[in-house]
Amino acid sequence: MTGKMSRAGIPVAFVSGVLFGLGLLISGMNNPAKVRAFLDLFGNWRPELIAVMGSAVVIFALAFQLSKKRRQPLCADAFHEPTLKKTDARLLTGAVMFGVGWGLVGLCPGPALVNILNLNPDVLLFIAALLVGNRLAHYLVGPVKAAK
Amino acid sequence: MTDELIGGALIGIAASLLWLGIGRISGMTGVISSLFVVRDTSRHWALWFLAGLLLALPLFYLAGGESPVEMTGNKTLLVAAGLLVGFGTYIGNGCTSGHGVCGMGRLSLRSMLATITFIVAGVVTVAVMNHSGGAL
């Protein structure tokens, strides 16, 4: 049995979304110019965004270690740890494509979503293209086949 | 750098809450893909997560926050970048959140490789753009 979530799981997911979004906004990750300045290693490099990933990773790593002592999460029946382990051409091709797109404009999926309610037409155009890209990949390439 | 540390900590807390609360990885790529399988009840959590994510902006404004969004207005660039990000994150199974935060936190070799790769690709892209006259 997987995927069962108790009713209390709904507010957990909702609150997590709010906190995640506030984190992106407070850190400035949703501002493409700031992200591109972070990626501008050979120009006017602005390294501050390292602190965003750094603190987020450390906190999640602690939570992940804590979860190993538990059989199940508080409001669901199982921990859904990603099962993919392969480091193959598909993974790297995807990461390169994503990185190039990220560098071109400075938006990755989370910040793009957080910015939606600004109704900035340029952000909405980017998201529309992102959704098309997602579906193109789904129909042309398809999901990773479950491998042992 | 305080804002970056606080923001990052909030992201880490959000990801921890989702993991310890319902055992799910807070990956935006997966959340976006969930929009296309809304009848799959096992992924309904992602829709609630997305609703919260969208609400963050008005809440932030209500609290007096300021959030500049400075970006290119070049439509071709926006469409090309969106297609690359959508396609790339789908076949790479993750982006800055799923691989960069959660995968790195899980010490997943796969996610570390993905994260290094997309950061390097982003750095190279920005460098090439800035040295070729710059479209932004």
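# Reading a two-chain helical model

Analyst: From the N terminus on, chain B runs α-α-α-α-α-α. That comes to six helices and zero strands, where helices (H or I, at least four residues) and strands (E, at least two) are DSSP runs numbered from the N terminus. This is a predicted model, in which local features need pLDDT of at least 70 and side-chain atom pairs count only at pLDDT 80 or more, while totals for chains, interfaces and linings use all residues. Residues are numbered from 1 along each chain as its sequence is written, and chains are lettered from A and ligands numbered from 1 in the order in which they are written.

User: Okay, and what pattern does chain A follow along the sequence?

Analyst: Chain A reads α-α-α-α-α-α, with six helices and zero strands. Its C-alpha atoms fill a box of roughly 50 × 35 × 30 Å along the principal axes. For chain B, the box is roughly 50 × 40 × 30 Å.

User: How do I read burial, and what percentage of each chain is buried?

Analyst: Count neighbours: a residue is buried if 20 or more other C-beta atoms lie within 10 Å of its own, exposed if 12 or fewer, and partly exposed in between, with C-beta atoms placed from the backbone. In chain A, buried residues make up 47% of the 148 residues. In chain B, they make up 58% of the 136 residues.

User: Can we try single residues? Why does Leu54(B) count as partly exposed?

Analyst: Leu54(B) counts as partly exposed because it has 17 C-beta neighbours inside 10 Å. Leu54(B) sits in helix 3 of chain B. Leaving out residues up to four places away in sequence, Leu54(B) touches Leu113(A), Ile116(A) and Leu117(A). Now take Ile119(B), in helix 6 of chain B: Ile119(B) is buried because 20 other C-beta atoms lie within 10 Å. The C-alpha atoms of Ile119(B) and Gly8(B) are separated by 17 Å, with their positions 111 residues apart along the chain.

User: And for a whole helix, how many residues of helix 5 of chain B are buried?

Analyst: Ten of its ten residues are buried, so helix 5 of chain B is mostly covered. Among them are His99(B), Val101(B), Cys102(B) and Met104(B). Those buried residues pack against helix 3 (50-67) and helix 5 (109-114) of chain A, together with helix 1, helix 2 and helix 6 of chain B. After helix 5 of chain B comes Leu107(B), whose phi is positive, near 60°.

User: What does "touch" mean here, and how many residues of each chain are in contact with the other?

Analyst: Two residues are in contact if their C-beta atoms, placed from the backbone, lie within 7 Å. By that rule, 95 residues of chain B are in contact with 107 residues of chain A. Helix 1 of chain B gives the most to chain B's side, with 20 residues. By class, chain B's side has 59 nonpolar, 29 polar and seven charged residues. Here Ala, Val, Leu, Ile, Met, Phe, Trp, Tyr, Cys and Pro count as nonpolar, Asp, Glu, Lys and Arg as charged, and the others, Gly among them, as polar.

User: How do I describe two helices that pack together?

Analyst: Two packed helices are described by the angle between their axes and the distance between the axes. The axes of helix 1 of chain A and helix 3 (residues 44-62) of chain B come within 6 Å and cross at roughly 40°. Axes are lines fitted to C-alpha atoms, for helices over the stretch in contact, with angles from 0 to 180 degrees between N-to-C directions. That makes helix 1 of chain A oblique to helix 3 of chain B; angles under 35 degrees count as roughly parallel, over 145 as roughly antiparallel, 65 to 115 as roughly perpendicular and the rest as oblique.

User: Which residues meet there?

Analyst: Helix 1 of chain A brings residues including Phe14(A), Val18(A) and Leu25(A), and helix 3 of chain B brings residues including Trp45(B), Trp48(B) and Phe60(B). The residues of this contact divide into 19 nonpolar, five polar and no charged.

User: Last one: where are the domains of chain A?

Analyst: Domain 1 covers 1-81 and domain 2 covers 82-148, with bounds from an automatic or database domain assignment. Their centres, taken over C-alpha atoms, are 17 Å apart. Eleven residues from domain 1 and nine from domain 2 make the contact. Helix 2 of chain A gives the largest share of domain 1's side, five residues.
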